[in-house]
Amino acid sequence: MLIRRLPDPVPPARHEIPASYIGRLATLHGLDINGLWTQVTEREKSGGMRRVVVPERLAALTGRTVHALAGAMPELRSPQPAWAMFRHQPQTGCHRCDARHPGGKVTRLLPHHRYVCLRHRTWIGPPDIDQPAVDLTRLPEIVDAQRKHLRLLSRYGWAATYDAVLSALMLCAHIWSVDGRPSSAVFGTWDTWEDRIDLLIPFNRETQDYPSYSTSRLFAAIYPEAVALAPLIASPYWRQLAAGTEAEQARFFTEVSNRVTYPYSPPGHGDAIAHWSLADSWRPPSQPLTAYTPGRVRGSLPGLAANRLARHEKSTMWFSRSREQGRTLLFHSHLKSVLLRDREPQYVKWEGTIWHSTRTDDLMREEVTEKRQASKATS
């Protein structure tokens, strides 16, 4: 197949997916996106309908080397990277970084540890509805948290860091979801998160709503405290104390209280941190439930799915009415892997899974004891 080089082959963005890059090239040159996609791809060898990019064809189209293209786009690398290290869902990134790349929206496949663009101090967050990235100039602690997150990654590796940060986000979400106003000991934590929300999701007095709302921005509000808590979850030493004797657990809980307000829950509401100590601290780190699959049937990227838009509209409505931020976070798919853990137990409704993640009752303790004994027997 003879492929003619395009007159204006703009470079790909870092971590951009090939369909996004080819779509931008087609837009800039007035070409049919799916026609150009078919030209530089072939059917996957497994015989499915998905098509994968042939690096040599894309190199001929753009005049760039295969090495340079693969350096920007993980899908073109050989051997392919471990996809579990990346989010399973492509997303937009920093709008200021994307402004350097003409031809339309840039869609990237980001690693799990990327929440903030350090160059432009903007919040990227987990995949969510595409809202303009928020400027963090007035919230420097969120930018500093990203730097600490990267240091955690360097020390413990991606798997332990992935589990630790998501688990910490889940625990902070539980703290934020306590029914009613918590005890005065928690006021500092709640007030800090509420103050950040006022900057991240400002109220429009003219329209009487929150036009910039997204659940991703709720994650930004608790991100600094989650990153402060994450080293305790990633560290083998602190995990051993959390799963140890009552005295060792007391040391763990004391250290938790030095980093985020604890204890936080009134009687009868469960305790997510105590549950993690009981049921999860002795387990291996949780893995992503879904990994990214390279290639696609068509080159044109789909728009916002109707079900995602419906969830966003419902979340916006509940935020406007009740501002139940913590509960909204617990229902977001970003936390599924640490709420499901080994996908057991399975509840008909997600409320059951959330409730289970706070259990510390006697029956729960018996179940955990049996599982720990079975785990020791097989190890």
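1. The largest nonpolar core holds 65 residues, and Trp-123, Leu-136, Leu-169, Phe-252 and Leu-335 touch the most other members. Helix α6 gives the most to this core, with 16 residues. The model is a predicted one, and every remark below should be read with that in mind.

2. Phe-252 deserves a look of its own. Leaving out residues up to four places away in sequence, Phe-252 touches Leu-232, Trp-238, Leu-241, Ala-242, Ile-273, Trp-276 and Ser-277. A second core, separate from the largest one, has 20 residues. Ile-3, Ala-72, Met-73 and Leu-76 are among them. In soluble globular proteins, nonpolar side chains tend to be buried together.

3. Next, helix α11. How many of the residues of α11 (residues 272-280) are buried? The count is 9 of 9, so the helix is largely enclosed by the rest of the structure. The buried residues include Ile-273, His-275, Trp-276, Ser-277 and Asp-280. Two of these names, Ile-273 and Trp-276, also appear in the list of residues that Phe-252 touches.

4. What does α11 pack against? Its buried residues pack against α6, α8, α9, α10 (246-259), α15 (350-356) and α16 (362-378). At the start of α11, Asp-271 places a side-chain oxygen within 3.1 Å of the backbone nitrogen of Ile-273.

5. On charge pairing, the count comes to 11 salt bridges. One of them joins Asp-163 and Arg-239, with the closest N and O atoms 3.6 Å apart. Asp-163 sits in helix α6 (residues 140-176) and Arg-239 in helix α9 (residues 236-242), so the pair ties together parts that are 76 residues apart in sequence. Both ends are enclosed. Asp-163 is buried at 1% relative accessibility. Arg-239 is buried too, at 11%.

6. A second helix-to-helix pair is Arg-196 with Glu-225, where the side chains meet in a salt bridge at 2.7 Å, N to O. Arg-196 belongs to helix α7 (residues 187-200) and Glu-225 to helix α8 (residues 215-234), so this pair ties together parts that are 29 residues apart in sequence. Arg-196 and Glu-225 are both buried.

7. Asp-361 and Arg-359 form another salt bridge, their closest N and O atoms lying 2.9 Å apart. Are the two partners buried or partly exposed? Asp-361 is partly exposed, with a relative accessible area of 30%. Arg-359 is buried, at 9% relative accessibility. Elsewhere, salt bridges that share partners join Asp-163, Arg-239, Asp-280, Arg-283 and Arg-341 into one network. Asp-280 in that network is also one of the buried residues of α11.

8. The sheet comes next. An open sheet is formed by 3 strands in the order β3-β4-β5, with antiparallel pairing. β3 (116-117) and β5 (134-135) stand at the edges, each with a single partner strand, so one side of each is left without a neighbour in the sheet. β3 and β4 (residues 122-123) pair in the antiparallel sense over 2 bridges. Within this pairing, Cys-117 stands opposite Thr-122 of β4. Trp-123, named above for the largest core, is one of the residues that touch the most other members there.

9. How many disulfides does the structure hold? The count is 0. Cys-94 is in no disulfide, and its nearest cysteine sulfur, that of Cys-117, is 3.8 Å away. The cut-off for a disulfide is 2.5 Å between sulfur atoms, so a pair at a greater separation is not counted. Cys-94 is buried, with a relative accessible area of 3%. Cys-172 is likewise buried, at 0% relative accessibility.

10. Last, a loop histidine. Where is His-112 found? His-112 is in the loop between α5 (95-98) and β3. His-112 is buried, with a relative accessible area of 12%. Its side chain reaches the backbone oxygen of Phe-86 at 3.1 Å. Setting aside neighbours within four places in sequence, the contacts of His-112 are Ala-84, Met-85, Phe-86, Arg-87, Trp-158, Tyr-162 and Pro-288.

Note on methods:
Residues are numbered from 1 along each chain as its sequence is written. This is a predicted model: local features need pLDDT of at least 70, side-chain atom pairs count only at pLDDT 80 or more; totals for chains, interfaces and linings use all residues. Side-chain values use heavy atoms; hydrogens and water are left out. Two strands pair if DSSP finds at least two bridges between them. Helices (H or I, at least four residues) and strands (E, at least two) are DSSP runs, numbered from the N terminus. Buried means under 20% relative accessible area, exposed over 50%, partly exposed in between (1.4 Å probe, protein chains only). A salt bridge is a side-chain nitrogen of Lys or Arg within 4 Å of a carboxyl oxygen of Asp or Glu. A nonpolar core is a set of buried Ala, Val, Leu, Ile, Met, Phe, Trp, Tyr and Cys residues joined through side-chain atoms within 4.5 Å. Contact means heavy atoms within 4.5 Å. A polar contact is a pair of N or O atoms within 3.5 Å; within protein, one must be able to donate a hydrogen and the other to accept it, and residues adjacent in sequence count only if both atoms are side-chain atoms.
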